[in-house]
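Here's a quick tour of a model, starting with where to be careful and ending in the core. Have a look at it first.

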Amino acid sequence: MRRRTCLTAVLFAACLAGCGISPTGPVPAGAPASGLRQPGSVSYQAQVYFVSPYGVQAVARHATTPVGPQQALDLLLEGPDDAERARGLITEVPPMYGQLVAKAGEGAVDLYLPVPVAKMSGGGLGLTQIICTAANAQVPGGRQPPDVDVRVHEKGIDTIWTVRCNAAGNVVPVPEPAASKG
């Protein structure tokens, strides 16, 4: 019993001693938190795709209204900002000699390239940036970005091809529906 009393007394003394941290008042730690929305405010974002050392990467750009495919592409064509460049992000979208146009439809985007893909410089990453940026914009129909069909129209070519941007930022073809046997 004496041992238990002694142990209790030691534990009680340890609790009273604390952890060796002396009490302090408020410590200045810089500016107050920022970036938080005001209660009741609405915030919109555009997903714009740039190239990182690890592949294509989405960045969020803040907007005051919903961002459709054309507005998102306009942001993409501006290139990465200073902070994005500091993180190693670049663009592989080649110079466009003509206007890059995107028109939103029900669950789809019609993308009009001012040049054929075969004449675009810079490889496929620039085209991936364009397609994924358009697919992740505000599109009518309630489809999630990986389910948005992007119909690519190349200047001077009659064939229209349809692709999607999956959740990993990869462009994948949309298979043609099987012809019904009648």
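Over which residues in the thirties does pLDDT stay under 50, with zero contacts beyond four places in sequence? That's residues 30–34, with pLDDT being the predictor's confidence in each residue, from 0 to 100, and contact meaning heavy atoms within 4.5 Å. Residues 10–19 also stay under 50, again with zero contacts beyond four places in sequence. Where pLDDT is low, don't read the predicted coordinates in detail. Across the protein, pLDDT averages 83, and 73% of the residues score at least 70.

This is a predicted model, so local features need pLDDT of at least 70 and side-chain atom pairs count only at 80 or more, while totals for chains, interfaces and linings use all residues. Residues are numbered from 1 along each chain as its sequence is written, and side-chain values use heavy atoms, leaving out hydrogens and water.

Now the core. The largest nonpolar core (buried Ala, Val, Leu, Ile, Met, Phe, Trp, Tyr and Cys joined through side-chain atoms within 4.5 Å) has 33 residues, with Leu111 and Ile130 making the most contacts inside it. Several elements, which are DSSP runs (helices H or I, at least four residues; strands E, at least two) numbered from the N terminus, each supply at least two core residues, among them these:

| Element | Residues |
|---|---|
| β1 | 44–52 |
| α2 | 69–77 |
| β4 | 108–113 |
| α4 | 124–135 |

α4 gives the most, with six residues. Ten of its twelve residues are buried, meaning under 20% relative accessible area with a 1.4 Å probe, protein chains only. Ile130 touches Leu73, Leu111 and Met120, among others.

Key
Buried means under 20% relative accessible area, exposed over 50%, partly exposed in between (1.4 Å probe, protein chains only).
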